[in-house]
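Trainee: Could you take me through one part of this structure in detail? I would like to look at the sheet and at what packs on it.

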Amino acid sequence: MPRRRKRARFEQLTEFEPGRIIGLREAGLSYRAVASRVQRNSSTVMRVWKQWTDECRTTRKSGSGPRNVTSARDDRHLVRMARTDRTASSRQLAALWSIATGVSLCASSIRRRLLQCGLRARTPLYRIPLTHDHRRLRLQWANQHRDWRADWQHVVFSDESRFNLWYHDGRIRVRRYAGERHLPECIIERHSGRTPGVMVWGAIAYHRRSQLLRIVGNLNSNRYIREVLQPEAVPFLQSLPGAVFQQDNARPHTARIVKSFFAAQQVQLLPWPACSPDMSPIEHVWDVIGRRLARDPRPVASADELWGYL
């Protein structure tokens, strides 16, 4: 199969390019030289020059090309349908269009009309579902801490995170031609069950960070005290004068026995609103680690080997 040419050579000419082609031809350049300058096919350059010499114009004739099945009013109706349900696919919109108008329109025509109107299918932005109380408490927390400056240097942010053995963040793409979907090099393996991985705990301060702890199995309040707080979190906080400990509202963190342990150790806690992982800077640390693991070309065969990389 011959190599596919550059896609730019098959795109429509801009309003500026015909004038540039004519200017280069009048300057004495050959068709091949002009095509090399404007990055177009020689046949395109010949067609523009012939149309200019024969008809003294570079625009297409009115009515040339395939006619649109839909009118401008139909296109506005289609845009309203797409904006009403922004997650609807082109096939779903085609079915809704057929029911509403009685005229069949293929999915590719739907996509072209929406692209002409500026509506392009993109990856959505995901967020945590927040209730009215969640928003109110987050705003109240932000107003209480809006004047903090140097106080943030005393805050120790902590959290748990899980890193899977086969990491895939949804950003991986494959470049293939039509009909190459089932080629082995175009397939990425994905396990249907729970992917083996490593659960870790860590904490960061303004100038320091704690040791990374590995958590095996499910973490409850007793294990949180015995394996995280006593051996690592409390000594790390005691080494920082005036430290304020931050943790989210997971059940092992808010259990009564954990609160009693903090009171006995005289640990100052930073109140944290519910459903607010996006407000903690340690989430960016986990994201950076996950991206570096995804870029590592070395295959990881076991959870112990993954822990060694971490």
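Mentor: Keep in mind that this is a predicted model. The chain as a whole has 12 helices and 4 strands, and 31% of its 310 residues are buried. Of the contacts between residues at least 6 apart in sequence, 65% join residues at least 24 apart.

Now the sheet. The 4 strands form an open sheet, and its order is β3-β2-β1-β4, with mixed pairing. The edges are taken by β3 (213–215) and β4 (244–246); each has a single partner strand, so one side of each is left without a neighbour in the sheet. On average, neighbouring strands here are turned by 25° against each other, direction ignored.

Begin with strand β1, residues 155–164. Of its 10 residues, 8 are buried, so β1 is largely enclosed by the rest of the structure. On one side β1 pairs with β2: the two run antiparallel and are joined by 8 bridges. One pair to find on the model is S161 of β1, whose bridge partner in β2 is V200. With β4, strand β1 pairs in the parallel sense, over 3 bridges. Two residue pairs let you trace this second pairing: V156 has F245 of β4 as its bridge partner, and F157 has Q246 of β4. The antiparallel pairing with β2 and the parallel pairing with β4 together show what "mixed" refers to in this sheet. As you follow a strand, remember a general point: in a regular strand the side chains alternate between the two faces of the sheet.

Next, the helices that meet the sheet. Helix α8 (residues 221–238) lies across β1, β2 (197–204), β3 and β4, and runs at about 170° to β3. Helix α11 (residues 282–295) also packs on the sheet, where it touches β1 and β2. The direction of α11 makes about 30° with that of β1.

For comparison, look at two helices from other stretches of the chain. Helix α3 (residues 42–55) has 14 residues, which at 1.5 Å a residue should span 20 Å; its end C-alpha atoms are 20 Å apart, so the expectation and the model agree. The buried residues of α3 are T44, V45, V48, W49 and Q51. They cover an arc of only 160° around the axis, which puts them on the same side of α3. The cover over these buried residues includes α1 (17–26) and α2 (31–38). On the other side of α3 you find S43, K50 and D54, which are exposed. After the helix comes C56, with a positive phi near 55°.

Helix α7 (residues 132–144) can be read in a similar way. From its first C-alpha to its last, this helix of 13 residues reaches 18 Å, close to the 18 Å expected at 1.5 Å a residue. Its buried residues include H134, R138 and W141. Seen down the axis of α7, the buried residues fall within an arc of 65°, so they line one face of the helix. On the other side of α7, H132, L139 and Q144 are exposed.

To finish, return to the sheet and find β1 again, with β2 joined to it by 8 bridges and β4 by 3.

Note on methods
Residues numbered from 1 in each chain as written. Predicted model: local features only at pLDDT ≥ 70, side-chain atom pairs only at ≥ 80, totals over all residues. Heavy atoms only, no water. Buried < 20%, exposed > 50% of the residue type's maximum accessible area, 1.4 Å probe, protein only. Contact = heavy atoms within 4.5 Å. Expected span 1.5 Å × (residues − 1). Arc of directions from axis to C-beta. Pairing = 2+ DSSP bridges. Axes fitted to C-alpha atoms, helices over the stretch in contact; angles between N-to-C directions.
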